[in-house]
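Below are my notes on the model, set out as numbered points. Please read them with the structure open.

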Amino acid sequence: MTHLVFPAPAPTTLAVAGCTAVFPVGRVYCIGRNYRWSLDEAAPQEMPAWFMKPANAVVPAEGLLPYPPGTSDFCHEIELVVAIRHGGRNIDPADVEPHHIWAYAAGLDLTRRDLQQQAKRSGGPWEPAKAFDHSAPCSPLVPASVCGHPHQGAVWLTVNGIDRQRADLSDLLWPVPELVAMLSRSVTLMPGDLIYTGTPAGVGPLQPGDVVCGGIAGIAQFTMTVGSTAAPHHYNATSTPL
Ligand code: MN
């Protein structure tokens, strides 16, 4: 019998729309540029880059959005999120929707942009820019059995009621089946993995007090309020950051 030196933290979970069961979050994969950011941008020849966030960066997209430490350029990126039910390697794109994807959601790939620019300049890792606490808010998951597999529909984000990002899922440069197949050629995808599929143009900074609304038509929408830049008073380092 194996004894843990301390109790294992509870898994990170996401609510499922219309259902009391919750979805256990595995790994979080994020896709880089996957929409044209300017009209004259050429179609890419290569698959986009990907990076990861820890599972416990995923938090419900509601209520307070803490302003993270170590940045003065905290940026929003609205993204379609894909939830994997059946994993695998070298997945055929044709099998992705019928077999591997269980649900969809609207999420934020929050970014400390100043640290990302610094990492790009120095060739350093992106984790300080991307993989921080609370950096991957996500709406409740909507099973594909309810919403189907969305190929079009608005992807949008407003700050204090003003449009910042507005595009359409049909604008994705690499469609979801291609993204999942690409990842599965590089890693073995597992049940519970989430994939943030990239953000359209219009990313920009958030300030304390901003009200952020975002959504994907036919899937979900959410509202969060950005917290202050002051560190939380009662952070307990022995528990999982929430
Ligand atoms: Mn992103």
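1. Ile-195 and its surroundings. In this predicted model, Ile-195 touches Tyr-29, Ile-31, Leu-80, Val-81, Val-82, Ile-84, Val-180 and Leu-183, leaving aside residues up to four places away in sequence. Together with Phe-74 and Leu-206, Ile-195 has the most contacts inside the largest nonpolar core, a set of 43 residues.

2. Which elements supply the largest core? At least two residues each come from β3, β8, β9, β13 (154–159), α5 (176–184), β17 (211–216) and β18 (220–226). The most is given by α5, with five residues. There is also a second, separate core of 18 residues, and Ala-57, Ala-136, Leu-194 and Tyr-196 are among its members.

3. Helix α5. This helix is mostly covered, with eight of its nine residues buried. The buried ones are Val-176, Pro-177, Leu-179, Val-180, Ala-181, Met-182, Leu-183 and Ser-184. The cover over these residues includes β3, β4, β8, α1 (93–100), β9 and β15 (194–196).

4. Helix α2. Here the burial is confined to Arg-113, Gln-116 and Ala-119 in a helix that spans residues 113–122. These three lie on the same side of α2, because the arc they cover around the axis is only 115 degrees. As a general point, an α-helix has 3.6 residues a turn, so residues three or four places apart point the same way. The buried residues of α2 pack against β7, β10 and α3 (127–130). On the face turned away from that buried side, Arg-121 and Ser-122 are exposed. Gly-123, just after α2, has a positive phi of about 70 degrees.

5. The manganese site. Which protein residues act as donors to the manganese ion? They are Glu-77 (OE), Glu-79 (OE) and Asp-109 (OD), at 2.0 to 2.1 Å from the ion. Their spacing in sequence is E-x1-E-x29-D. The pair Glu-77 and Asp-109 links distant parts of the chain, 32 residues apart. Glu-77 sits in the loop between β7 (74–76) and β8 (78–84), and Asp-109 in the loop between β9 (101–108) and β10 (111–112). Glu-77 counts as buried because its relative accessible area is 5%, under the 20% cut-off. For Asp-109 the relative accessibility is 0%, so this residue is buried as well.

6. The sheet that contains β7. The strand order is β10-β7-β16 in an open sheet of three strands, with antiparallel pairing. The edges are β10 and β16 (204–205), each of which pairs on one side only. Between β7 and β16 there are two bridges, and Cys-75 has Pro-205 as its bridge partner in β16.

7. Strands β3 and β4. These run antiparallel, and four bridges join β3 (residues 28–31) to β4. Cys-30 is bridged to Phe-51 in β4. Strand β4 (residues 50–53) has two unlike faces: Phe-51 and Lys-53 are on the covered one, Trp-50 and Met-52 on the uncovered one.

8. The hairpin of β1 and β2. Strand β1 (residues 13–16) and strand β2 (residues 19–24) run antiparallel and are joined by four bridges. Val-16 is paired with Cys-19 of β2. Two residues separate the strands of this hairpin, and Gly-18 in the turn has a positive phi of about 75 degrees.

9. Cysteines. How many disulfides does a search of the whole structure find? The search gives zero. For Cys-138, the nearest cysteine sulfur is that of Cys-30, 11 Å away. Cys-147 has its closest cysteine sulfur in Cys-138, but the distance is 12 Å and therefore too far for a bond. Is each of these two buried or partly exposed? Cys-138 is buried, with a relative accessible area of 1%, whereas Cys-147 is partly exposed at 24%.

Notes
Residues numbered from 1 in each chain as written. Predicted model: local features only at pLDDT ≥ 70, side-chain atom pairs only at ≥ 80, totals over all residues. Heavy atoms only, no water. Donors = N, O, S within 2.8 Å, 3.2 Å for Na, K, Ca; no water. Buried < 20%, exposed > 50% of the residue type's maximum accessible area, 1.4 Å probe, protein only. Pairing = 2+ DSSP bridges. Arc of directions from axis to C-beta. Contact = heavy atoms within 4.5 Å. Core = buried A, V, L, I, M, F, W, Y, C linked by side-chain atoms within 4.5 Å. Disulfide = S-S within 2.5 Å.
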